[in-house]
Amino acid sequence: TTATTSGILSTGSFQLVEGGGRACRGANSEDNLPSYFSLGSAPSLSDCQAKCLAEPDCQGIEYNSGNRRCEVWTRSIQSSKAYAG
């Protein structure tokens with residue numbers, strides 16, 4: 001299972017952070033408050049991306065295909081952390 005972190009660009013497209021396999025974080029690699037994102041599930045990465053595009057304040061997503069976890073981040077993503085799952 002690999003987490004994919006994507007940041008949204010102004011064009012509405014997504015970009016993998018450091019090649020993927022990373023988890024979104026706030027100011028540093030340990031900054032991960034639940035208030036920074038909306039937690040949900042999505043059957044695919046593209047469905048998680050669609051949730052982000054539907055959220056006006058979305059800054060990016062963190063998606064885990066193994067458990068279909070979809071985090072839609074509304075706080076600025078300034079850091080990331082390697083994710084082993």
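**Notes on the predicted model**

1. Starting with the surface: the chain exposes about 4600 Å² of accessible area, and 47% of that belongs to carbon and sulfur atoms. Keep in mind that this is a predicted model. Of the 85 residues in the chain, 36% are buried.

2. On the overall layout, you'll find one helix and seven strands. Going along the sequence, the order is β-β-β-β-α-β-β-β. Among contacts with a separation of 6 or more, 58% come from residues 24 or more positions apart.

3. Now the cysteines. The whole structure holds two disulfides. One of them joins Cys48 and Cys70, with 2.0 Å between the sulfur atoms. That pair links distant parts of the chain, as Cys48 sits in helix H1 and Cys70 in strand S6 (residues 69–73), 22 residues apart. The link of Cys48 and Cys70 is right-handed, with 85° about the S-S bond. Cys48 is buried because its relative accessibility is 0%; Cys70 has a relative accessible area of 1%, so Cys70 is buried too.

4. The other bond is between Cys52 and Cys58, whose sulfur atoms are 1.9 Å apart. Which hand does the disulfide of Cys52 and Cys58 have? The torsion about the S-S bond is about -100°, so this disulfide is left-handed. Cys52 and Cys58 are both buried. If you number the bonded cysteines in sequence order, the pairing reads 1-4, 2-3.

5. That leaves Cys24, which is in no disulfide: the nearest cysteine sulfur belongs to Cys58 and is 9.0 Å away. A disulfide here needs the two sulfur atoms within 2.5 Å, so that distance of 9.0 Å rules the pair out. Cys24 counts as buried because its relative accessibility is 0%.

6. Arg25 deserves a look. You'll find Arg25 in strand S3 (residues 22–25). Why does Arg25 have no salt bridge? The nearest side chain of opposite charge is Glu62, at 4.2 Å, and a salt bridge calls for nitrogen and carboxyl oxygen within 4 Å, so Glu62 misses the cut-off. Arg25 is buried all the same. The Arg25 side chain does reach the backbone oxygen of Ser29, at 3.1 Å. Beyond four places in sequence, the contacts of Arg25 include Glu30, Asp31, Glu62, Trp73 and Lys81.

7. Three salt bridges turn up in the count. In one of them, Lys81 meets Glu30 at 3.1 Å, N to O. This one spans 51 residues, from Lys81 in strand S7 (residues 79–82) to Glu30 in the loop between S3 and strand S4 (37–41). Lys81 is partly exposed because its relative accessibility is 29%. Glu30, with a relative accessible area of 57%, is exposed.

8. Arg75 pairs with Asp31, the closest N and O atoms being 3.6 Å apart. Arg75 is in the loop between S6 and S7 and Asp31 in the loop between S3 and S4, so the bridge ties together parts that are 44 residues apart in sequence. Is Asp31 buried or exposed? At 14% relative accessibility, Asp31 counts as buried, whereas Arg75 is partly exposed at 23%.

9. The Glu71 bridge goes to Arg69, with 2.7 Å between the closest N and O atoms. Glu71 is buried, with a relative accessible area of 3%, while Arg69 counts as partly exposed at 32%.

10. One backbone point to check: Arg68 is not a glycine, yet its phi is positive, at about 60°. Most residues other than glycine have a negative phi. Arg68 lies in the loop between strand S5 (60–64) and S6. With a relative accessible area of 47%, Arg68 is partly exposed.

11. Last, Lys51, which belongs to helix H1 (residues 45–54). Its relative accessibility is 37%, so Lys51 counts as partly exposed. Leaving out neighbours within four places in sequence, Lys51 is in contact with Ser41, Cys70 and Val72; Cys70 is the disulfide partner of Cys48 from point 3. The C-alpha atoms of Lys51 and Ser38 are separated by 9.9 Å, the two residues being 13 apart along the chain.

Terms used. Residues numbered from 1 in each chain as written. Predicted model: local features only at pLDDT ≥ 70, side-chain atom pairs only at ≥ 80, totals over all residues. Heavy atoms only, no water. Helix = DSSP H or I, 4+ residues; strand = E, 2+ residues; numbered from the N terminus. Buried < 20%, exposed > 50% of the residue type's maximum accessible area, 1.4 Å probe, protein only. Contact = heavy atoms within 4.5 Å. Areas by Shrake-Rupley, 256 points an atom, 1.4 Å probe, with all protein chains shown as cover. Lys, Arg positive; Asp, Glu negative; His and termini not counted. Polar contact = N/O pair within 3.5 Å; in protein donor to acceptor, adjacent residues only side chain to side chain.
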